Amino acid sequence: MPDVVRDGEWLRLEDCDAMRCGDGYATYLDDGKQLELVAIGARPAGQGIGTKLLKAVLGVARESGRCAVRLTTTNDNIAALAFYQRAGFRLCGLRPGAVDRARQLKPGLPLVAANGLPIRDELELVFRFEPDAE
């Protein structure tokens, strides 16, 4: 699991809470109000491991009374954007040039993704829990 840079901040995955499912993992941070999904990885793709992990993270957040789960991905990650939006996440933020700035901390970040898109910006998504009906 490689460490990540998000919004100009270096996040060490070993400092995050983590869970595993088969050959997949999810890491997250809890600030007491909401969870931030820092990384999720599943191999092979398309086997439902990522979905199980995402549901587990959402379950942890709901059970601990958190109001939302946030995450950040990059503009080129079309598959992740579709995956998270199908799961109920909504786009809530754009950080133009954030990946360009992240390269100062992590120079190995590629300029262009395998799909040919330049990797420049961070997108923030949020899943908000509906208040329980009383």
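How much space lies in the largest pocket? I looked this up first and found about 1300 Å³, where a pocket is an open set of points on a 1 Å grid over the protein atoms alone, at which a 1.4 Å probe fits, with protein on both sides within 12 Å along at least five of seven lines, and lining residues have an atom within 4 Å of a point. I note that this is a predicted model, in which local features need pLDDT of at least 70 and side-chain atom pairs count only at pLDDT 80 or more, while totals for chains, interfaces and linings use all residues. Residues are numbered from 1 along each chain as its sequence is written, and side-chain values use heavy atoms, with hydrogens and water left out.

I then listed the lining of the largest pocket: it has 41 residues, and Ile40, Thr73, Asn77, Ala80 and Tyr84 are the closest to the pocket's centre. Strand E5 (34–41) is among the elements that give two or more residues, and E5 gives the most, with six.

Next I turned to the second largest pocket, which has a volume of about 160 Å³ and is lined by 13 residues, with Arg6, Gln34, Glu36, Arg70 and Glu124 nearest its centre.

Last I looked up the largest nonpolar core (buried Ala, Val, Leu, Ile, Met, Phe, Trp, Tyr and Cys residues joined through side-chain atoms within 4.5 Å, buried being under 20% relative accessible area with a 1.4 Å probe, protein chains only). Of its 22 residues, Leu37, Val57, Leu58, Val69, Tyr84 and Phe89 touch the most other members, and H1 gives the most to this core, with six residues.

Technical notes: Grid points are joined across faces, edges and corners, and a volume is the space filled by probe spheres set on the points. Helices (H or I, at least four residues) and strands (E, at least two) are DSSP runs, numbered from the N terminus. Buried means under 20% relative accessible area, exposed over 50%, partly exposed in between (1.4 Å probe, protein chains only).
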